[in-house]
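Colleague: I would like to learn how to read a model like this one feature by feature, with the general idea before each case. Could we begin with a pair of packed helices and work outwards from there?

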Amino acid sequence: MASVYTVSQVTAYIRNMFTQDFALNRISIRGEVSNCKYHTSGHIYFTLKDGGAQIAAVMFAGQRKGLDFELREGQEVTVSGTVDVYERDGRYQLYAKEITREGKGDLFRQFEKLRNELEEMGMFDSCYKQPIPQYARKVGIVTAGTGAAIRDIMNISARRNPYVQLILYPALVQGEQAKYSIAKGIETLDRMGLDVLIVGRGGGSIEDLWAFNEEMVARAIFNCTTPVISAVGHETDVTIADYVADLRAPTPSAAAELAVFDYGQFVEQVNLYRQVLERSMERRLEKLHFRLDQFGMRLKLLSPEKQLNDRRQRLADIESRLERMMEENLGLSRRKLEDRRRRLEARMALGLTEGKHRLALLSGRLDGLSPLKKLGGGFGFVTDARGRAFTSITQAEPGDIIRVSVKDGRVDARVVETESMKLPGSEG
């Protein structure tokens, strides 16, 4: 019976053959980069291919020091390293130590050519982008009927909003007929009057995603009247469909997040708005009630009856004040008149007494100066012929008539002679 070996033994034997082969230990392979992925650990996983075959390759983080450019899909590169067997998976792969860029691969050149042509036509212009509805109720999906993409979209949609209706068009997303199937799916769902469409698939190599780089699919998206979200591959994968779509999502899961609104958050927001509205209405009503009370008070203050009563009260108050003032003024006037009368009587009595006294004095003085009294004492009063008092000899000449009044009559005499003489007590 032939020997029986374990899988590990066979794999180790094959690996030993690879290790002993000098050519495989130091080899340089040229090809086009495909399905390139940067791992969080720093390793780069990619596929190197040409028109007839492909080989898996990896560049560990420790070997990336000499890589002076970003490795991307479609690049033509030369990879130097070692071909060895990965025992766990039982497959061989290229362990890259150095990568140099040679040029662009055929698929990448086709991608750039179509992208530039469509951009010149204006198909990527933002003026043609439609806004994604915030509250979509019907969401169309163009993707494979079985696959991770549709499962992710369904799970996220059910979690965010179970009331949103999902309509799937199961399209081919890979192969020669994929572009026709995707374009037909877009056109079919567009006629159903949906709120938004999700067009995409899960990740893969540039060949796997190539259907979304076809001009037919790009034109179907551009002509779609329903807003379209493109969700092709992973976050680093970029296709022509992403440029033409109204919105690009990095993954199908992200597209579901963008298309389906969160119902729980929506309810919370509605409740918040309701509370804000209720508080606003309460404040508004309070303000209006306050203004109504103010208007009521103003109406009472400005009512004709209130004004008439106020004026009647004011007139009554003024009348009372006038009466008090009149009484006060009348009493004051009476007291003043009485005081003045008493003072006048007192002054009159005093004046009368003084007058009598002065009259007595003046009477005495007048009596003492009375010519009649002097005449009664033996004196006479002499005047000239014209009745002027005769007080000096210079007033008469010899022959003039003079009159002498005595106690019991008058004597007319003629001046015979004048003689000047000085009497005692007279001035010189």
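Modeller: Let us start with the residues that touch: in this predicted model, Lys179, Tyr180, Ile182, Ala183, Ile186 and Asp190 of helix 5 are in contact with Met216, Val217, Ala220, Ile221 and Asn223 of helix 6. Sorted by character, the residues of this contact comprise 8 nonpolar, 1 polar and 2 charged.

Colleague: At what angle do the axes of helix 5 and helix 6 cross, and how should that angle be read?

Modeller: Angles under 35 degrees count as roughly parallel. Here the axes of helix 5, residues 178-190, and helix 6, residues 215-223, come within 8 Å and cross at roughly 10°, so helix 5 is roughly parallel to helix 6.

Colleague: Which residues of the largest nonpolar core touch the most other members?

Modeller: A core of this kind is a set of buried nonpolar residues joined through their side chains. The largest one in this model has 37 residues, and those touching the most other members are Val142, Ile182, Ile186 and Ile221. Two or more residues each are given to this core by helix 3 (106-121), strand 7 (165-170), helix 5, strand 8 (196-201), helix 6, strand 9 (228-232) and helix 7 (240-244). There is also a second, separate core, which has 20 residues, Ala57, Phe69, Val79 and Ile99 among them.

Colleague: If we take one member of the larger core, which residues does Ile186 touch beyond its sequence neighbours?

Modeller: Once residues up to four places away in sequence are set aside, Ile186 touches Val142, Leu197, Val199, Val217, Ala220, Ile221 and Cys224. The last of these, Cys224, lies in the loop between helix 6 and strand 9, and its own contacts, counted with the same exclusion, are Gln130, Ile186, Asp190 and Leu197.

Colleague: Is Cys224 buried or exposed?

Modeller: Buried means under 20% relative accessible area, and Cys224 counts as buried because its relative accessibility is 5%. Along the chain Cys224 and Leu189 are 35 residues apart, whereas their C-alpha atoms are 9.3 Å apart in space.

Colleague: How should I read the accessibility of a residue placed in a strand, taking Leu168 as the case?

Modeller: Leu168 sits in strand 7 and, with a relative accessibility of 36%, counts as partly exposed. Its contacts, not counting residues up to four places away in sequence, are Ile141, Thr143, Gly145 and Ile150, and its C-alpha is 5.9 Å from that of Gly140, although 28 residues separate the two in sequence.

Colleague: And what does the accessibility say about a charged residue such as Lys49?

Modeller: Lys49, which is found in strand 2 (residues 44-49), counts as buried at 12% relative accessibility. Leaving aside neighbours within four places in sequence, Lys49 is in contact with Gly31, Glu32, Ser34, Gln54, Leu107, Ile206 and Glu207.

Colleague: What is the phi of Asn35, and where is that residue placed?

Modeller: The sign of phi is the thing to read here: Asn35 has a phi near 50°, a positive value in a residue other than glycine. Asn35 belongs to strand 1, residues 27-38, and counts as partly exposed at 24% relative accessibility.

Colleague: Into which domains is the chain divided, and what separates the centres of domain 2 and domain 3?

Modeller: The division gives domain 1 (5-101), domain 2 (104-260) and domain 3 (374-413), and the centres of domain 2 and domain 3, taken over C-alpha atoms, are separated by 167 Å.

Colleague: How do sequence separation and spatial separation compare for Gln294 and for Arg358?

Modeller: It helps to read the two separations together. Gln294, in helix 9 (residues 263-302), is partly exposed with a relative accessible area of 37%, and its C-alpha is separated by 22 Å from that of Arg279, 15 residues apart along the chain. Arg358, in helix 10 (residues 304-369), counts as exposed at 58% relative accessibility, and lies 163 Å from Gly81, C-alpha to C-alpha, with their positions 277 residues apart in sequence.

Technical notes. Residues are numbered from 1 along each chain as its sequence is written. This is a predicted model: local features need pLDDT of at least 70, side-chain atom pairs count only at pLDDT 80 or more; totals for chains, interfaces and linings use all residues. Side-chain values use heavy atoms; hydrogens and water are left out. Axes are lines fitted to C-alpha atoms, for helices over the stretch in contact, and angles run from 0 to 180 degrees between N-to-C directions. Helices (H or I, at least four residues) and strands (E, at least two) are DSSP runs, numbered from the N terminus. Angles under 35 degrees count as roughly parallel, over 145 as roughly antiparallel, 65 to 115 as roughly perpendicular and the rest as oblique. Contact means heavy atoms within 4.5 Å. Ala, Val, Leu, Ile, Met, Phe, Trp, Tyr, Cys and Pro count as nonpolar, Asp, Glu, Lys and Arg as charged, and the others, Gly among them, as polar. Domain bounds come from an automatic or database domain assignment. A nonpolar core is a set of buried Ala, Val, Leu, Ile, Met, Phe, Trp, Tyr and Cys residues joined through side-chain atoms within 4.5 Å. Buried means under 20% relative accessible area, exposed over 50%, partly exposed in between (1.4 Å probe, protein chains only).
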